[in-house]
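Work through the exercises below with the coordinates open. Each task is followed by a solution in steps.

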Amino acid sequence: MSIQIQVEQAALGAIAGLALGSPHVGRAQFQRLTGYSPIPTRMSPHPSLDSWLIWQKAHFEDRKPFLYGQILLDSLDDHTDETAFGLFNLRRGFETPYSGSLDNPLSDGPRAILRSLVWGFLHHGNPHAAYASAFHDASIDHASDGAWIPAALAVALSQSQPEDTAQDFLNRVTAILPAESQLHRIIPAISKNIGNPEAAQFFANQFANNFSDINRSHCIATAAFALLGLLHSNQNSEQAMLIAAGCGGQSDLSAATAATIASFLWAPLPPDYTTSLDPAFLATHALKHISPPAGIADFARLISESAQGKEIGVGQEPEAQLVNSPELESAPPPPLEEDLGGDQVPEAQRVTSPELNNDPPPPLGEDSGEGQEQNLRNTAPELAFLHNFKTTTELAGLIITIIYLETPIAAPPAKKLQITIKNPTEETRNIALALNGPEGWQIASRIADCALRPGESVNFPTVIQPPTTTAPDTNLRLRVDKYQLLIPFLQPTQFSVLGPFVNIEGTGFSYEHPPEKNDQKTQSMAQPFSGRSGMGLRWQTQNFPATEFDIEPVFNGGPGVTYLYAHVTWNSSGLINLQTQFPGGLKIWIDGTLVTSYNDTTPRPFLHPSGSSEFTTAGESRILIKIVRGRDPIPPLRLAFIDETGRIITPQEFITDP
């Protein structure tokens with residue numbers, strides 16, 4: 001059977017798996033399924049299938065993988081789960097892979113598993129290209145296992161052929177994943193007792209006990225349930241899908257992933273799984289600028305025809321040659337006080353090979369001529385740890401990469417970064433370069449005009465010192481010839497911190513310390529307080545990322561109560577949804593009204609209903625937060641604001657109260 005036919009039945013498997021698994025999302029115990037329950041009348045629209053259409057178009061247009069973030073931002077208006085945080089970072093100017101790891105509390109979510117799997121088809125036979133595409137895709141809104149696992153599945157699929165076994169596929173996945181992946185912990189458990197009809201049920205029911213630190217709905221568990229279905233299905237596509245869906249958790253994605261892979265490797269699902277659905281293809285409302293195919297069958301043919309046109313034959317070169325990643329700082333950044341004026345020529349490290357390649361850099365086996373196809377199939381690339389704080393874009397025909405060496409908050413202390421410019425063309429480029437910042441920013445950089453030969457790169461270490469006072473403009477400006485590139489920094493989330501106060505025998509949650517003793521909960525920044533052990537306290541301003549507040553250092557290793565306070569303005573008035581995540585005691589007042597109150601040490605995922613509340617603003621708010629710590633250390637508080645359109649927002653301005 002041709003690859004084209006296998007991919008077509010795999011695409012139909014994805015649609016059936018989503019429809020089968022959707023009613024069982026969130027289930028915590030195994031359910032033995034025999035088919036649709038209930039029987040759907042139409043397919044389940046899903047952003048992953050929308051993304052297959054987006055990636056098919058990008059693949060047809062031969063778009064570069066490091067541009068996938070902007071492509072998805074332009075084509076999918078998705079403000080749900082981890083994708084909302086990825087698109088939020090893209091809107092702020094951070095490209096892949098930094099968009100998935102920067103200040104993203106859901107970076108280990110499962111949303112990329114099915115979405116990225118299509119690259120195994122679009123680059124079938126070429127694991128180099130499949131890895132580059134799948135990793136940049138997954139890292140739009142994920143990091144670590146949230147990106148490694150989808151990339152590994154896509155690469156393994158690109159190396160697989162019809163009639164390969166589930167064990168063959170699993171072996172490829174495990175060979176690709178870095179040793180640090182948590183999926184390695186689970187693989188021995190899903191591989192036990194294959195052939196025992198109760199093995200899958202036992203694994204699923206004991207998952208919470210055996211892997212208590214892994215959320216059932218996150219990427220690791222979702223992939224484990226899909227692989228469990230493949231291993232325990234006796235090479236039967238329907239059984240693989242049913243087992244994965246029966247495990248619960250994010251069952252729509254695990255069932256669709258298992259059905260997609262199984263239908264490609266073995267046989268199509270029974271026809272009833274697609275003929276019982278209305279034949280119309282349904283996209284989500286998030287899909288923009290792309291007209292979806294009219295029918296389910298049209299969707300499957302579109303994906304299969306795209307895959308057929310990109311196969312590698314014997315003796316062909318792979319589409320991408322990947323090289324080992326470089327050291328971050330091959331030359332030290334200049335000190336801030338260095339004089340870069342006059343006749344001084346800033347030093348820069350010039351490299352003739354693409355050291356900071358824009359594709360992920362696992363060492364794939366090399367071969368040429370006869371045996372190339374077999375070598376590509378059998379190669380087991382290891383996903384390298386990439387610099388997740390790297391962002392790459394294209395300007396004036398050049399590839400420009402920014403590596404942030406600290407979280408890029410536009411506030412002291414000094415921040416170091418490296419700017420790399422690569423000439424991917426076949427002509428020598430003479431480039432005029434300059435770097436500037438907003439008023440009050442100090443910049444020390446070795447950047448200077450240069451000439452780059454074909455394929456050559458140059459690295460410019462840079463140090464910047466933002467001022468203490470914040471302003472709306474937080475972007476560096478890199479001039480490249482007559483063009484300008486904005487290098488983004490985050491506006492600091494500026495809260496005042498006060499603590500610790502005492503928390504005697506767990507009474508701190510209910511006890512009212514001075515900051516909460518007036519009705520409006522307004523605060524005087526100059527007022528002194530007596531804290532734990534009689535220690536004198538005053539409000540201290542601290543800068544945080546947008547959603548993460550690490551308060552543990554304030555408690556100095558002991559129980560207590562700490563308060564956060566901010567007086568903020570918003571871009572507009574209206575209803576704001578407040579999402580929190582914190583295992584402990586938490587109270588939040590907005591303009592004196594208590595909107596969040598719980599004292600529960602049970603760990604819950606971000607965006608869990610227990611942490612959701614709402615408030616209305618006229619454009620200005622005073623926020624008071626109470627955090628209670630017991631005997632054990634506390635993780636960071638997660639806090640996000642979402643407007644009425646569903647988009648993540650941040651305060652426009654932080655006002656300093658007297």
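**Exercise 1. The largest cavity**

Task: State how much space lies in the largest cavity, and describe its lining.

Solution. The model is a predicted one.
Step 1. The largest cavity holds about 80 Å³ of space, and the structure has 3 cavities of 30 Å³ or more.
Step 2. Its lining consists of 14 residues, with Ala546, Leu639, Phe641, Thr650 and Pro651 closest to the centre.
Step 3. Two or more lining residues come from each of β12 (493–501), β23 (637–642) and β24 (648–649). The largest share, 3 residues, is that of β23.
Step 4. Sorted by class, the lining of this cavity has 11 nonpolar residues, 3 polar and no charged ones.

**Exercise 2. The largest pocket**

Task: Give the volume of the largest pocket, and find which residues lie nearest its centre.

Solution.
Step 1. The volume of the largest pocket is about 1,000 Å³.
Step 2. The pocket has 45 lining residues, and those nearest its centre are Asn215, His218, Gln581, Arg604 and Pro605.
Step 3. The elements that contribute two or more residues to this lining are α12 (199–205), β18 (574–581) and β20 (593–600).
Step 4. By class, the pocket lining divides into 17 nonpolar, 18 polar and 10 charged residues.

**Exercise 3. Helix α14**

Task: Compare the end-to-end distance of helix α14 with the span expected at 1.5 Å a residue.

Solution.
Step 1. Helix α14 covers residues 219–231, which is 13 residues.
Step 2. The expected span is 1.5 Å times one less than the number of residues, so for α14 it should be 18 Å.
Step 3. The end C-alpha atoms of α14 are 18 Å apart, which agrees.
Step 4. As for exposure, 13 of the 13 residues of α14 are buried.

**Exercise 4. Ile403**

Task: Decide whether Ile403 is buried or exposed, and locate it in the fold.

Solution.
Step 1. Ile403 belongs to strand β3 (residues 398–404).
Step 2. The cut-off for buried is under 20% relative accessible area. Ile403 has 0% relative accessibility, so it counts as buried.
Step 3. Between Ile403 and Asn388 the sequence separation is 15 residues, and their C-alpha atoms are 8.8 Å apart in space.

**Exercise 5. Nonpolar cores**

Task: Find which members of the largest nonpolar core touch the most other members.

Solution.
Step 1. The largest nonpolar core has 106 residues, and those touching the most other members are Trp52, Trp55, Phe169, Ile186, Phe203, Leu230 and Phe299.
Step 2. Leaving out residues up to four places away in sequence, the contacts of Trp52 include Leu114, Val118, Phe121, Phe299 and Ile303.
Step 3. Another core of 29 residues lies apart from the largest one, and Ile400, Ile402, Ile421 and Leu435 are among its members.

Notes. Residues are numbered from 1 along each chain as its sequence is written. This is a predicted model: local features need pLDDT of at least 70, side-chain atom pairs count only at pLDDT 80 or more; totals for chains, interfaces and linings use all residues. Side-chain values use heavy atoms; hydrogens and water are left out. Helices (H or I, at least four residues) and strands (E, at least two) are DSSP runs, numbered from the N terminus. Buried means under 20% relative accessible area, exposed over 50%, partly exposed in between (1.4 Å probe, protein chains only). On a 1 Å grid over the protein atoms alone, a cavity is a set of points where a 1.4 Å probe fits but cannot get out, and a pocket is an open set with protein on both sides within 12 Å along at least five of seven lines; lining residues have an atom within 4 Å of a point. Grid points are joined across faces, edges and corners, and a volume is the space filled by probe spheres set on the points. Ala, Val, Leu, Ile, Met, Phe, Trp, Tyr, Cys and Pro count as nonpolar, Asp, Glu, Lys and Arg as charged, and the others, Gly among them, as polar. A nonpolar core is a set of buried Ala, Val, Leu, Ile, Met, Phe, Trp, Tyr and Cys residues joined through side-chain atoms within 4.5 Å. Contact means heavy atoms within 4.5 Å.
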